[in-house]
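This report goes through the pockets, the nonpolar cores, the strand pairing and one chosen residue of the structure shown below.

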Amino acid sequence: MEKGVVMELIRGSTNWAKVVEDIVKLEKKTFPKHESLAQTFDGELRKRNAGLLYVDVDGETMGYAMYSWPSSLSASITKLAVKENRRRQGHGEALLRAAIDKCRSRKVQRVSLHVDPTRSAAVNLYKKLGFQVDCLVKSYYSADRDAYRMYLDFDDSV
């Protein structure tokens, strides 16, 4: 396994266009068209309370995590994806940990996310890092695809 570096995508950086292009390709391969942000990706990244982290291995984008903090109380992991041939190498966990840290730095009390219950590797990763299933949201993705709403509460004493 090649060791990747988790980086934050900064608007206007010299690699902005290449990283966004790589992420849009990954987004299209990973998520069904109606769930993909590929068409609106730039707009999502322009939002004031949003951030994007990505894993770089020798100039190649292996995966990304998108997060937002819509209020002072909560944050969301809105997307997490790793290239199929790079899964189970620690990139997803590194991205998720970094996104959690970014959310924690915003002093929010809770981070939430939605995940397809059939994506057991993703569900297990979230549980490994302390997320708990809140409930099953029927027809979240489509009429025949549900989602777990999961959350991670931050302990104020930490």
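Sorted by class, the residues that line the largest pocket comprise 13 nonpolar, 10 polar and 12 charged ones. The model is a predicted one, and the pocket in question has a volume of about 970 Å³. Of its 35 lining residues, those closest to the centre of the pocket are Leu80, Ala81, Arg119, Ala122 and Tyr126. At least two lining residues are supplied by each of helix H1 (16–30), S4, H3, S5, H4 and strand S6 (132–142), and the largest share, 7 residues, comes from S4.

The second largest pocket holds about 240 Å³ of space, and of the 16 residues that line it, Glu8, Leu9, Leu45, Ala50 and Gly51 are the closest to its centre. Two or more residues of this lining are given by helix H2 (41–46), by S2 and by H3, and S2 gives the most, with 3 residues. The two pockets are set side by side in the table.

| Pocket | Volume | Lining residues | Lining by class | Element giving the most |
|---|---|---|---|---|
| Largest pocket | about 970 Å³ | 35 residues | 13 nonpolar, 10 polar, 12 charged | S4, 7 residues |
| Second largest pocket | about 240 Å³ | 16 residues | 8 nonpolar, 2 polar, 6 charged | S2, 3 residues |

Turning to the interior, which residues of the largest nonpolar core touch the most other members? Among the 29 residues of that core, they are Ile77, Leu96, Val111, Tyr126 and Phe131. The elements that each supply at least two residues of this core are strand S2 (50–57), strand S3 (60–68), strand S4 (74–82), helix H3 (91–105), strand S5 (110–115), helix H4 (120–128) and strand S7 (145–153), and H3 provides the largest share, with 6 residues. Tyr126 belongs both to the core residues with the most contacts to other members and to the residues closest to the centre of the largest pocket.

For Ile77, once its neighbours within four places in sequence are left aside, the contacts are Met66, Tyr67, Leu96, Ala99, Cys103, Val111, Ser112 and Leu113. Another core lies apart from the largest one and has 14 residues, including Leu9, Val20, Leu45 and Tyr64. Leu9 and Leu45, which are named in this other core, are also among the residues closest to the centre of the second largest pocket.

The strand pairing involves S5, S6 and S7. S5 and S7 run antiparallel and are joined by 6 bridges, with Arg110 standing opposite Asp153 in S7. S6 and S7 likewise pair in the antiparallel sense, over 6 bridges, and a hairpin joins S6 to S7 through 2 residues. In this pairing Ser142 has Arg145, in S7, as its bridge partner.

One residue of strand S3 deserves a separate look, namely Glu60. Why is Glu60 classed as partly exposed? Its relative accessible area is 33%, and because buried residues lie under 20% and exposed ones over 50%, a value of 33% puts Glu60 in between. Not counting residues up to four places away in sequence, Glu60 touches Lys18, Val55 and Lys83. Of these contacts, Lys18 is 42 residues away from Glu60 in sequence, while the C-alpha to C-alpha distance between Glu60 and Lys18 is 9.3 Å.

Note on methods:
Residues numbered from 1 in each chain as written. Predicted model: local features only at pLDDT ≥ 70, side-chain atom pairs only at ≥ 80, totals over all residues. Heavy atoms only, no water. Core = buried A, V, L, I, M, F, W, Y, C linked by side-chain atoms within 4.5 Å. Buried < 20%, exposed > 50% of the residue type's maximum accessible area, 1.4 Å probe, protein only. Helix = DSSP H or I, 4+ residues; strand = E, 2+ residues; numbered from the N terminus. Contact = heavy atoms within 4.5 Å. 1 Å grid on protein atoms, 1.4 Å probe; cavity = no way out; pocket = protein on both sides within 12 Å on 5 of 7 lines; lining within 4 Å. Points joined across faces, edges and corners; volume = space filled by probe spheres on them. Nonpolar A, V, L, I, M, F, W, Y, C, P; charged D, E, K, R; others polar. Pairing = 2+ DSSP bridges.
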